[in-house]
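I kept this notebook while looking around a protein chain for the first time. Come along and check each entry against the picture.

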Amino acid sequence: MASALGAVAAATLLLTSCAGVATVERKPAGEPRRGGTVTLAWNTEAQSVDPVTCAVGIGVGPCQAIYGALLYYDAATRKIVPGMAESFTSKDGKAWTLRLRPGVTFTDGTPFDAAAVAFNWQRALDPSQLSPSRAAAQMISWQVVDATTLRVTSPEVNYQLPYQLTEPLAFIGSPTAIQRKGADFATSPVGAGPFVFRSWARGTEMVLERNPGYWDSPRPYIDRFVYKTIPADDQRYNALQAGEVDVMVVVSDKYAGRARAAGLEVVQYAQLGGNGVRLNSRGALADPDLRTAIAKLIDNEQIRAAAFPGEQGAEYFVAEGQPLFDEAAKWPGKDIAGAQRLVDGFRARHGGEKVVLSYVTTAGSPVLTRVAEVLQAQLQQADGLELEIKALDGAGFAGALVSGQYDLILNALGGAHPENLYRVFHTKGSGNTAHYSNPVVDRALEQAQSADDPAVADAAYKTAIRELVATTAYRYWRPAVTSLILRADIYGVEPTYQYWMRPELAWVQE
């Protein structure tokens, strides 16, 4: 059976289940209109807008606006859909054909063609670039067939390969500009996407303007798209109510409820996994007993009550009602005495020294500060275990995540596609900065890739998830649901990736 991309999903948002995209259904007065500015606020900023380094949660939003994505994942339908590429197809899961849209150019006038894609993917392979996309590029080989066609080969059968073209290998910059600008390209990028980069005041805002030559006319509808950095949730909400921003991003349900009561619109995006911590598998946490001890010390309900009162908690790895729900993948109960025995045993095997671990989080958010403090208190209920909090800015946090410089780190898997499990937890996963390696997980995720039957793939993903829970690779206390709260005159807001919207679809009703 051939694996192929379906038709482009409609941009109109309707009320759907929590498994994908959801919003209050409403109908605009007329067709989308041209003009205006939409300003989106989030608590941190991208660490880079260079296509080889931006494929990490915070960076993918601005990069999609500047470069467009070769493919997109539609969470509502669980389908990969076309973007800058028309199609990506295979009959056997190994030999793939990527077809680009003809006649597309970068904003410097050079061709967006197969040679440009090959150049960008080759650049991701360069170790000096420290690219989080390098592992994804190493999974394949490619050959330029003609201006709009590449032949892509996977050494193993992999029907999940299209996912790689939605994030890790999605963004294509102008080779001419990259070669001319060198290191400066990261702060003055040139793409062929819906928007053109104009300015970036670090820690404050990034300004993008409509690309008049974008292939998908009349999109983008708005003239300008602005990313604002406002760390505190309350400050972002106040800015939204004051009309200083048009869309705010938040992961706390309480703001969604307040917004609806105030007559604002809410779009929500349920992702795989949740908001919690990823554990490194090197250093002290390479010891399975110490990891199990941490699992026994974390109290999801206490964290939720302190930082997210009244919101949904997490009892299972995947919430009930979602496609990969499995009642066997349940978080362990709190057991301080059992954790203490495991910590004591670890210390006895390692000279009796106190165990000091680091927890890396993002700075500036009162909610995340409370989470860190509660987590610290929980882990330190075991005598001889200490947790140091390291709160970093956006760039510092992204650097720690990519480099693996952490013991525990604030984490959500990113996006809704289950292949994120391979990216984060397979031994060779492009985002496996925790160095987690488990043959049971590897085999299950490889089986999911080799399956051309979605039911078989889902069963394999569930096997991997049960083992991830059993080995405390990752632990979260609330489901990952990103809320985009917007003013009533903003339409076409469709969430994508982890925290972002597709700005080319948005428009302002005047």
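The entries below go from the whole chain to single residues.

**Entry 1: ground rules**

I am looking at a predicted model, where local features need pLDDT of at least 70, side-chain atom pairs count only at pLDDT 80 or more, and totals for chains, interfaces and linings use all residues. Residues are numbered from 1 along each chain as its sequence is written, and side-chain values use heavy atoms, with hydrogens and water left out.

**Entry 2: the whole chain**

I began with the secondary structure and found 14 helices and 21 strands in the protein chain. Both are DSSP runs numbered from the N terminus: helices are H or I with at least four residues, and strands are E with at least two.

Next I looked up the overall extent. The C-alpha trace spans about 65 × 55 × 45 Å along its principal axes. The radius of gyration is 22 Å, which agrees with the value near 24 Å for a compact globule of 510 residues. This radius is taken over C-alpha atoms, and the globule rule is 2.2 Å times the number of residues to the power 0.38.

How much of the chain counts as buried? I noted 59% of the 510 residues. Buried means under 20% relative accessible area, exposed means over 50%, and partly exposed is in between (1.4 Å probe, protein chains only).

The accessible surface comes to about 19100 Å², and 50% of it belongs to carbon and sulfur atoms. Such areas come from the Shrake-Rupley method with a 1.4 Å probe; for residues, only the protein chains shown count as cover.

I also checked contacts, meaning heavy atoms within 4.5 Å. Taking those between residues at least 6 apart in sequence, 70% join residues at least 24 apart.

**Entry 3: two helices that meet**

Two packed helices are described by the angle between their axes and the distance between the axes. I tried this on helix α8 (residues 300–307) and helix α10 (residues 366–379), whose axes come within 9 Å and cross at roughly 145 degrees. The axes are lines fitted to C-alpha atoms, for helices over the stretch in contact, and angles run from 0 to 180 degrees between N-to-C directions.

Which residues meet here? From α8 I listed Q302, I303, A306 and A307, and from α10 V367, R370, V371, V374, L375 and Q378. By class, the contact has seven nonpolar, two polar and one charged residues. Ala, Val, Leu, Ile, Met, Phe, Trp, Tyr, Cys and Pro count as nonpolar, Asp, Glu, Lys and Arg as charged, and the others, Gly among them, as polar.

**Entry 4: following V157**

I found V157 in the loop between β8 (149–153) and α4 (175–181). V157 is partly exposed, since its relative accessible area is 29%. Leaving out residues up to four places away in sequence, V157 touches D92, G93, K94, Q449 and S450.

I followed two of these. G93 sits in the loop between β5 (85–90) and β6 (95–100), and G93 is buried because its relative accessible area is 0%. Outside four places in sequence, the contacts of G93 are S154, E156, V157, N158 and Y159.

Q449 belongs to helix α13 (residues 439–450) and counts as buried at 7% relative accessibility. With residues up to four places away left out, Q449 touches partners including M139, V157, E419 and Y422.

**Entry 5: backbone oddities**

Where are the cis peptide bonds I noted? One joins S217 and P218, with omega about 15 degrees, and another runs from R219 to P220, with omega near -10 degrees. P218 lies in the loop between β10 (205–210) and β11 (224–229), and P220 is found between β10 and β11 too.

I then noted positive phi values in residues that are not glycine. H435 has phi near 60 degrees and lies in the loop between α12 (420–425) and α13. T472 has phi of about 50 degrees and is placed in the loop between α14 (454–470) and β17 (474–486).

Buried or partly exposed: what is H435? H435 is partly exposed, because its relative accessible area is 31%. T472 is buried, with 4%.

**Entry 6: one last loop**

I ended at L130, in the loop between α2 (114–125) and α3 (134–138). L130 counts as exposed because its relative accessibility is 65%. L130 and S483 are 353 residues apart in sequence, and their C-alpha atoms are 31 Å apart in space.
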